[in-house]
Amino acid sequence: RQFGDALSGRDRHERFVYRSATSAQDIDYWLIRRRHPGKKTLYDWYRRLLYVAALLALSVIMLGAWVRLTDAGLGCPDWPGCYGHLVVPKTAEQLAAAVDAFPDKPLESAKAWHEMIHRYLASTLGLSIVAITALAFANRRDPRQPVTLPVILLGTVIFQGLLGMWT
């Protein structure tokens with residue numbers, strides 16, 4: 001382009017966006033989007049993970065209702081495992097250890113599995129919320145990125161996990 005040539009509408013817009021960027025992070029974001037339109041930013045990953053977490057939350061709510069309706073809320077007397085194991089005891093040795101550890105709580109395998117499936121999905125949701133908070137914190141300079149809300153959400157989920165452990 002020669003000095004004095006008229007700028008096209010796109011060039012004027014790009015020049016305006018570049019000049020009106022408020023920080024180096026904004027400029028970097030604009031340059032990445034301009035040069036690599038298919039490249040995903042941290043904010044894109046954050047939004048995708050939000051959708052996954054919303055689906056997981058809906059699933060945890062439905063499974064919680066299923067656990068309640070099948071009266072399996074106390075299917076596993078300890079936390080985070082079940083009768084001292086990460087899965088419901090199956091072998092004769094595991095069953096004997098479960099009876100020794102909890103003599104007044106008989107093992108009902110179906111109820112224990114209902115409870116553990118709910119716990120596994122709730123744990124996955126908790127890990128996704130940790131990832132959401134980490135992405136929000138890592139991308140905190142992006143003006144579109146909320147940070148306070150993911151931190152509050154993480155605190156709420158930790159509190160819910162503690163309630164699950166205590167009850």
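C76 and C82 pair up as a disulfide, with 2.1 Å between their sulfur atoms. The structure is a predicted model, and the count of disulfides in it comes to one. The torsion about the S-S bond of C76 and C82 sits at about -80°, so this disulfide is left-handed. Both partners are tucked away from solvent: C76 counts as buried because its relative accessibility is just 4%, under the 20% cut-off, and C82 goes down to 0%, so C82 is buried too.

The loop between α3 and α4 has some further backbone features to offer. P80 is part of this loop, and the peptide bond that leads from W79 into P80 is cis, with omega near 10°. D71 is found in the loop between α3 and α4 as well, and has a phi near 55°, a positive value in a residue that isn't glycine. Y83, another residue of that loop, also has a positive phi, about 55°, without being a glycine. For context, most peptide bonds are trans, and most residues other than glycine have a negative phi. Y83 has a relative accessible area of 3%, so Y83 is buried.

Stepping back to the whole chain, the secondary structure amounts to six helices and zero strands, which reads along the sequence as α-α-α-α-α-α. The protein has 167 residues, and 25% of them count as buried. Its exposed surface comes to about 11,600 Å², with 65% of that supplied by carbon and sulfur atoms. As for how the chain meets itself, take the contacts between residues at least 6 apart in sequence: 64% of these join residues at least 24 apart.

Two residues show what such contacts look like in the helices. L42 lies in helix α3, and its C-alpha atom is separated by 6.7 Å from that of L135, although the two residues are 93 apart along the chain. With neighbours up to four places away in sequence left aside, L42 is in contact with L135, A138 and N139. L42 has a relative accessibility of 34%, so it counts as partly exposed. The other example is H118, which belongs to helix α5. Again setting aside residues up to four places away, H118 touches V60, L63, G64 and V67. H118 is buried, because its relative accessible area of 18% falls under the 20% cut-off.

Then there's the largest pocket, with a volume of about 940 Å³. Its lining takes in 33 residues, of which W79, A122, Q160, G161 and G164 are the closest to the centre. W79 is also the residue that precedes the cis peptide bond to P80. The elements that give two or more residues to the lining are α3 (42-69), α5 (109-138) and α6 (148-166). Helix α5 gives the most, with 12 residues. In character, the lining divides into 21 nonpolar residues, nine polar ones and three charged ones.

Key:
Residues are numbered from 1 along each chain as its sequence is written. This is a predicted model: local features need pLDDT of at least 70, side-chain atom pairs count only at pLDDT 80 or more; totals for chains, interfaces and linings use all residues. Side-chain values use heavy atoms; hydrogens and water are left out. On a 1 Å grid over the protein atoms alone, a cavity is a set of points where a 1.4 Å probe fits but cannot get out, and a pocket is an open set with protein on both sides within 12 Å along at least five of seven lines; lining residues have an atom within 4 Å of a point. Grid points are joined across faces, edges and corners, and a volume is the space filled by probe spheres set on the points. Helices (H or I, at least four residues) and strands (E, at least two) are DSSP runs, numbered from the N terminus. Ala, Val, Leu, Ile, Met, Phe, Trp, Tyr, Cys and Pro count as nonpolar, Asp, Glu, Lys and Arg as charged, and the others, Gly among them, as polar. Buried means under 20% relative accessible area, exposed over 50%, partly exposed in between (1.4 Å probe, protein chains only). Contact means heavy atoms within 4.5 Å. Accessible areas come from the Shrake-Rupley method with a 1.4 Å probe; for residues, only the protein chains shown count as cover. A disulfide is a pair of cysteine sulfur atoms within 2.5 Å.
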